[in-house]
Amino acid sequence: MKCDHCEREATVHEVTVRNGVKIERHLCEQCATDQGIAVQPSTPITELIKHYVMAQGLMPVVPAAAQPMRATACPNCNTTFAEFKQQGLLGCEQCYTAFEGQLLPLLERAHDGGQHHTGKTPKRGAGDAPATPTTPSKPAKKPVEARVNRLQALKRDLDQAVKDERYEAAARLRDELRKLEGSEGEARS
Amino acid sequence: MSDQSATPPTPPVPPEGEGAPFDVGSEWLRNDGVCNDVVLSSRVRLARNLARRPFSPKATRRDRQEILDLCRAAIMDQSSRGRLIWVDLHTSPPLDRALLVERHLISKQHSKGKGTNPNDDPRGVAISVPGERLSIMVNEEDHLRIQTMRSGLALAEAWEEINGKDDEIEAQLDFAFSPKFGYLSTCPTNLGTGLRMSAMLHLPGLRLTGEIEKVKRAATDMGLAVRGFYGEGSEAVGDLFQVSNQTTLGKSEEQVLHELEKEILPKIVEYERLSRRELLSKRRIGLEDQVWRAWGLLTSARLLTTEEAMQGLSLVRLGAVLGVLPPVRTTSPSGPSPKLANQLMLLVQPAHLQRSVGRELDQEQRRVARASLVRSRLTRAN
């Protein structure tokens with residue numbers, strides 16, 4: 001489409017409705033600027049890609065309030081994000097919570113898109129009593145969350161074992177599952 | 001040091017006696033197991049940190065001492081008596097530390113320690129004896145780096161052993177773990193499973209046929225890391241390459257194991273074998289020439305650098321595997337074995353060389369000693 005005022009290609013399209021009448025204007029960037037219409041500088045390619053990806057529903061749109069925390073320093077060990085960027089090393093386990101927002105894109109890149117742990121979980125986190133406690137007074141891990149994860153993993157593994165006709169493994173998994181479910185019942189009662 | 005660890009380990013030194021069989025003991029030199037024509041060894045390692053303790057960059061000397069004491073007590077418990085030896089690296093001589101690096105039992109970084117004074121940084125390693133299949137570094141980049149090694153392609157076996165060891169330690173120590181991110185590591189590249197599975201591959205065929213770069217690119221595209229003989233940043237001397245997984249978050253241990261052992265590594269092995277077959281059928285004389293020249297160099301030279309020795313040994317190993325190095329007058333009826341080549345690849349390294357002659361040597365003296373060692377080993381009945 002040509003510009004309403006010159007021969008250049010129209011890139012700015014304005015639609016206004018005045019007294020119920022729709023007025024369309026198609027202008028080139030130059031004429032639009034001359035007429036006092038604010039023209040956005042060209043959108044960076046990364047933004048375009050981002051919009052495209054979001055429009056395709058390929059990327060979850062996280063509302064601002066739900067975005068993970070972005071901190072400049074870890075409240076526990078005082079490691080700053082600048083320090084991390086320089087060394088590539090974190091100062092303590094809580095750095096992962098403090099810098100979660102900044103770390104997530106890095107983690108995705110480093111781990112081929114991986115964002116969540118899949119695999120082994122510590123047995124003690126699943127509620128087993130420690131064999132020999134190192135410090136008896138230490139606070140417990142999040143037992144509920146870990147137990148639920150463990151239960152889900154066991155159920156998945158059990159289904160797979162039955163499907164694969166690995167009955168010995170299935171029996172072992174079933175026993176472990178029962179034990180874990182049993183201890184959950186005890187914990188509730 | 002405990003009663004189990006009065007002295008730093010003295011890796012068995014090849015006896016100098018005539019005809020005495022020598023064995024450097026390390027599992028990965030045995031040349032046993034599946035695909036041992038190409039795969040020297042399989043290695044699995046786990047990165048673990050203790051809960052509620054600062055990671056290495058923020059740990060003070062006192063923190064590190066406490067971490068060391070806790071981990072050591074958990075590792076060197078009753079059940080490991082006689083099966084594990086403990087080495088305090090901050091009190092061991094530099095040559096002993098260098099030996100452990102050359103044997104792949106500790107990393108270079110662990111040998112050097114943190115800060116300017118390596119003698120003032122509490123750190124150690126537990127090593128299983130005999131066989132050195134298991135080693136547990138304490139106060140490396142992570143509080144614990146557990147690794148197991150096996151001869152040949154045997155990642156499943158190595159994983160089984162390390163998984164059990166991890167359970168044992170975990171029964172006594174609380175690891176830093178989050179349900180979302182898994183095992184929390186000092187460097188986010190190890191986050192999740194903290195697992196690195198790797199195989200040490202001998203790929204001379206692919207180098208000689210000019211296909212090696214293609215394989216390296218393909219492996220990198222599949223999300224694998226390809227490194228040299230001594231890990232990160234090291235050169236691929238002797239046509240030895242370490243291939244390992246990079247992803248530790250979002251992929252379970254079983255998945256990584258399956259991909260490497262059942263899918264990717266067998267393909268690389270097959271590709272190397274194909275190259276070797278091609279060399280034998282289409283370029284046999286060229287191959288024989290290369291192997292025999294290497295043999296000539298190694299059995300005649302009076303001065304050898306590590307690189308020259310490694311390159312020559314690579315070709316001798318290839319010749320031995322393919323049977324193009326027939327028995328020569330001075331060797332045993334079967335000719336030099338691939339196992340001998342494996343062992344020499346370790347024995348020509350600077351620290352092992354100095355240990356074998358029993359004193360420190362400068363660079364020139366090392367070249368003389370290296371040439372002499374290689375000559376005598378290759379031409380002696382073995």
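Here are four short exercises on chain B of a predicted model, each with a worked solution.

**Exercise 1: an overview**

Find how many helices and strands chain B has, and what share of its residues count as buried.

*Solution.* Start with the secondary structure: chain B has twelve helices and ten strands. Next, turn to burial. Chain B has 382 residues, and 53% of them count as buried. Finally, look at the contacts between residues with a separation of 6 or more: in chain B, 70% of these join residues 24 or more positions apart.

**Exercise 2: the two sides of a helix**

Take helix H6 of chain B, residues 212–221, and work out which residues are buried and where they sit around the axis.

*Solution.* First, pick out the buried residues, remembering that buried means 20 or more other C-beta atoms within 10 Å of the residue's own. In H6(B), Ile212(B), Val215(B) and Ala219(B) are buried. Their arc around the axis is only 65 degrees, so they lie on the same side of H6(B).

Now turn to the face pointing away from that buried side. There you find the exposed residues Glu213(B), Lys214(B), Arg217(B) and Asp221(B).

Then ask what the buried residues of H6(B) pack against. Their partners in chain B are two helices, H5 (204–208) and H7 (253–282), along with two strands, S9 (224–227) and S10 (240–245).

As a last step, follow the chain onward: after H6(B) comes Gly223(B), with a positive phi near 80 degrees.

**Exercise 3: an enclosed strand**

Explain why strand S2 of chain B, residues 84–88, can be called largely enclosed, and identify the strand joined to it by bridges.

*Solution.* Begin by counting: four of the five residues of S2(B) are buried, and therefore the rest of the structure largely encloses this strand. Next, look for its partner. S2(B) is joined by five bridges to strand S3 of chain B, residues 124–128, and the two run antiparallel. To see the pairing residue by residue, find Ile85(B), which stands opposite Ile127(B) in S3(B).

**Exercise 4: where two domains touch**

Locate the two domains of chain B and describe the side of domain 1 that touches domain 2.

*Solution.* Start with the bounds: the domain assignment gives domain 1 as 21–276 and domain 2 as 284–378. Taken over C-alpha atoms, the centres of these domains of chain B are 27 Å apart. Now count the contacts: 17 residues of domain 1 are in contact with 23 residues of domain 2. On the domain 1 side, helix H2 of chain B (residues 94–102) gives the most, with four residues. Last, sort that side by class: eight residues are nonpolar, three polar and six charged.

How values were computed. Residues numbered from 1 in each chain as written. Chains lettered and ligands numbered in written order. Predicted model: local features only at pLDDT ≥ 70, side-chain atom pairs only at ≥ 80, totals over all residues. Buried ≥ 20, exposed ≤ 12 C-beta atoms within 10 Å, placed from the backbone. Contact = placed C-beta atoms within 7 Å. Arc of directions from axis to C-beta. Pairing = 2+ DSSP bridges. Domains from an automatic or database assignment. Nonpolar A, V, L, I, M, F, W, Y, C, P; charged D, E, K, R; others polar.
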